Amino acid sequence: MISDKLRDQTIRFANEIKALLNGTITNHVQITAVALSKGDDRLFILGNRLSKETLDAERFQIRPRAPKTEL
């Protein structure tokens with residue numbers, strides 16, 4: 001069975017990755033975690049707009065580089 005502690009850590013990690021990507025090279029990425037279990041085994045998958053039904057994640061665009069600014 002998937003523990004609440006592991007699930008919570010995975011969700012926190014997904015949120016950290018989402019914040020990092022959206023704060024640097026992307027806009028509006030939605031990193032989500034999907035939990036899969038089989039017997040005592042557990043697996044978490046992270047992806048952009050990940051669907052639990054199909055286990056498909058969407059690609060995302062990288063933000064264009066900002067023009068160089070003068071100081």
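Start by selecting Thr 26 in this predicted model. Leave out its neighbours within four places in sequence, and Thr 26 is in contact with Leu 21, Phe 60, Gln 61, Ile 62 and Arg 63. Show these residues as sticks and keep them on screen.

Next, find where Thr 26 sits in the chain. Thr 26 belongs to the loop between α1 (4-24) and β1 (31-38). Is Thr 26 buried or exposed? Its relative accessibility is 0%, so Thr 26 counts as buried, the cut-off for that class being under 20%.

Now add Asn 22 to the selection. The side chains of Asn 22 and Thr 26 are joined by a polar contact of 3.3 Å.

Move on to Phe 60, one of the contacts of Thr 26. Phe 60 lies in the segment after β2 (41-48). Phe 60 counts as partly exposed because its relative accessibility is 36%, and that class runs between 20% and 50%.

Keep Phe 60 selected, add Ile 25 and Ile 62, and switch on the surface. Which kind of patch do these residues form on the surface? Ile 25, Phe 60 and Ile 62 make a nonpolar patch, and their accessible area together is about 280 Å². Ile 62, like Phe 60, is among the residues in contact with Thr 26.

Finally, clear the selection and view the whole protein as a cartoon. One helix and two strands make up its secondary structure, in the order α-β-β from the N terminus on. Of the 71 residues, 15% are buried. With the surface shown again, the accessible area of the protein is about 6100 Å², and carbon and sulfur atoms account for 53% of this.

Note on methods:
Residues are numbered from 1 along each chain as its sequence is written. This is a predicted model: local features need pLDDT of at least 70, side-chain atom pairs count only at pLDDT 80 or more; totals for chains, interfaces and linings use all residues. Side-chain values use heavy atoms; hydrogens and water are left out. Patches are made of residues with over 30% relative accessible area and no salt bridge: like charges are joined within 9 Å, nonpolar side chains (Val, Leu, Ile, Met, Phe, Trp, Tyr) within 5 Å. Accessible areas come from the Shrake-Rupley method with a 1.4 Å probe; for residues, only the protein chains shown count as cover. A salt bridge is a side-chain nitrogen of Lys or Arg within 4 Å of a carboxyl oxygen of Asp or Glu. Helices (H or I, at least four residues) and strands (E, at least two) are DSSP runs, numbered from the N terminus. Buried means under 20% relative accessible area, exposed over 50%, partly exposed in between (1.4 Å probe, protein chains only). A polar contact is a pair of N or O atoms within 3.5 Å; within protein, one must be able to donate a hydrogen and the other to accept it, and residues adjacent in sequence count only if both atoms are side-chain atoms. Contact means heavy atoms within 4.5 Å.
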